[in-house]
Amino acid sequence: MELTLKGQTALITGASSGIGAGVAKALGAAGATVVVNHSSARSKDEAEAVLKEITDAGGAGMTAQCDVSKENEVINMFADVVARYGTVDILVNNAGLQRDAKFHEMTLDQWNTVISVNMTGQFLCAREAIREFLRRGPRPEVSAATGKIICMSSVHELIPWAGHVNYATSKGGIKMLMQSLAQEYGDRRIRVNSICPGAIQTPINRAAWETPQALNSLMTLIPYNRIGQPQDIGNLAVFLASDQSDYITGASIFIDGGMTVFEGFSDNG
Ligand code: NAD
């Protein structure tokens with residue numbers, strides 16, 4: 001099965017660490033020109049290190065600083081990428097964060113921060129990507145689809161999450177954002193899908209894996225009995241960005257070692 005993304009440009013948000021970095025490296029290895037987005041000057045060195053790994057392996061790309069929750073920054077980032085590479089073919093809407101609190105103690109700032117990055121950020125980037133896909137039109141020489149958007153959702157678009165209501169709400173919202181876009185732009189050959197990771201070993205959930213006790217407790221939720229790695233998500237992103245998945249749109253694909261088969265019921269509930 002050939003999964004080449006040669007001749008295509010992929011923009012990955014929040015790609016200076018964790019899953020975004022893993023996806024950027026995987027798309028770069030599959031031949032895409034990669035735009036490694038990072039949120040602020042503080043994450044520039046990390047983004048440059050991700051890009052260096054990609055170029056050392058024979059790939060190509062650039063870094064792009066942009067806070068995805070800021071409309072003008074998103075518009076400028078897409079304009080820079082189009083000026084440099086001619087267009088964007090693949091968007092991976094990955095940037096996300098958590099601001100956890102018991103619901104009755106959750107501040108408006110904690111709520112707004114999560115919604116503005118996890119949901120509004122995906123809206124702003126998807127809108128610029130779709131504007132560019134419509135402006136540019138089909139490129140059958142590189143892909144059967146006019147454009148592809150991959151939204152980083154979570155098992156928490158399905159599993160409620162006490163103590164993380166803002167985060168679970170944002171991922172539930174992404175499900176409808178993704179499906180409604182797939183419905184609205186399917187006839188233009190724009191494919192929109194979500195990746196729904198379970199527990200992947202990244203900085204966002206360090207507390208869940210950094211001690212043996214925490215990891216053991218996490219394993220009670222995962223039938224496949226291992227934590228996921230960013231490369232696992234990268235492999236799926238390459239498939240969803242490639243023509244091998246050309247008939248997949250509007251889908252939430254769970255990649256979670258079986259977390260969503262509810263291990264708690266394996267011993268009669
Ligand atoms: P991470 O913290 O390593 O990555 C999140 C990235 O988003 C960081 O690089 C961060 O700098 C970036 N970011 C935050 N705010 C931003 C902004 N305003 N603009 C641009 N970038 C911004 O954690 P991760 O686990 O790699 O998370 C990536 C995505 O995967 C998130 O959407 C997260 O919700 C999702 N996810 C992660 C897991 C997991 O187990 N790790 C599970 C399900 C879903």
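# Close-up views of a predicted model

**View 1. Four side chains build a nonpolar patch on the surface.** L158, F254, F262 and F265 together make a nonpolar surface patch of about 420 Å². As in every view here, what you see is a predicted model. Two members of the patch, F262 and F265, sit in the segment after β7, the strand at 252-255. F265 has 64% relative accessibility and therefore counts as exposed. F262, at 41% relative accessibility, falls in the partly exposed class.

**View 2. Two residues other than glycine have a positive phi.** Most residues other than glycine have a negative phi, so positive values deserve a look at the backbone. Here is F262 again: its phi is positive, about 60°, although F262 is not a glycine. For this residue, the backbone angle can be viewed along with its place in the segment after β7 and its part in the nonpolar patch with L158, F254 and F265. The other residue to look at is R189, with a positive phi near 65°. R189 belongs to the loop between α5 and β6 (190-197). With a relative accessibility of 48%, R189 counts as partly exposed.

**View 3. The ligand sits in a shell of 28 residues.** Of the 28 residues that surround the ligand, the closest are S17, I19, N94, Y167 and T202. Sorted by class, this shell holds 13 nonpolar residues, 13 polar ones and two charged ones. Which polar side-chain atoms pair with atoms of the ligand? Start with D67, where a polar side-chain atom lies 2.8 Å from a ligand nitrogen. Then turn to Y167: an N or O atom of its side chain is 2.5 Å from an oxygen atom of the ligand. The side chain of N205 also places an N or O atom 3.0 Å from an oxygen atom of the ligand. On its own the ligand has 810 Å² of accessible area, and the protein covers 90% of that. Two elements give two or more residues to the shell, namely α1 (18-29) and α5 (165-185).

**View 4. A salt bridge ties helix α1 to helix α2.** The model has 14 salt bridges in total, and this view picks out the one between E53 and K25, with N and O 3.2 Å apart. What does this pair tie together? E53 lies in helix α2 (residues 44-56) and K25 in helix α1, so the salt bridge connects parts that are 28 residues apart in sequence. E53 counts as partly exposed at 45% relative accessibility, and K25 is also partly exposed, at 31%. Helix α1 may be familiar from the ligand view, as it gives two or more residues to the shell.

**View 5. A network of salt bridges links four charged residues.** Its members are E71, R127, E128 and R131. Within the network, the side chains of E128 and R131 meet in a salt bridge with an N to O distance of 2.8 Å. How far apart are these two residues along helix α4? E128 and R131 are three residues apart in this helix (residues 108-136), which means that about one helical turn separates them. Are the two partners buried or exposed? E128 is buried, because its relative accessibility is 10%. R131 reaches 44% and so counts as partly exposed.

**View 6. Neighbouring charged residues D187 and R188 form a salt bridge.** The closest N and O atoms of this pair are 3.9 Å apart. D187 counts as exposed, since its relative accessibility is 65%. R188, at 45% relative accessibility, counts as partly exposed. While you are here, look at R189 too, the residue with the positive phi near 65°, in the loop between α5 and β6.

**View 7. A polar contact joins Q98 and D100.** Where does Q98 lie? Q98 is found in the loop between β4 (90-93) and helix α4. The side chain of Q98 makes a polar contact of 3.0 Å with that of D100. With a relative accessible area of 15%, Q98 is buried, as the cut-off for that class is under 20%. The helix that follows this loop, α4, is the one that carries E128 and R131.

Methods:
Residues are numbered from 1 along each chain as its sequence is written. This is a predicted model: local features need pLDDT of at least 70, side-chain atom pairs count only at pLDDT 80 or more; totals for chains, interfaces and linings use all residues. Side-chain values use heavy atoms; hydrogens and water are left out. A residue is near a molecule or strand if one of its heavy atoms lies within 4 Å of it. A polar contact is a pair of N or O atoms within 3.5 Å; within protein, one must be able to donate a hydrogen and the other to accept it, and residues adjacent in sequence count only if both atoms are side-chain atoms. Accessible areas come from the Shrake-Rupley method with a 1.4 Å probe; for residues, only the protein chains shown count as cover. Helices (H or I, at least four residues) and strands (E, at least two) are DSSP runs, numbered from the N terminus. Ala, Val, Leu, Ile, Met, Phe, Trp, Tyr, Cys and Pro count as nonpolar, Asp, Glu, Lys and Arg as charged, and the others, Gly among them, as polar. Patches are made of residues with over 30% relative accessible area and no salt bridge: like charges are joined within 9 Å, nonpolar side chains (Val, Leu, Ile, Met, Phe, Trp, Tyr) within 5 Å. Buried means under 20% relative accessible area, exposed over 50%, partly exposed in between (1.4 Å probe, protein chains only).
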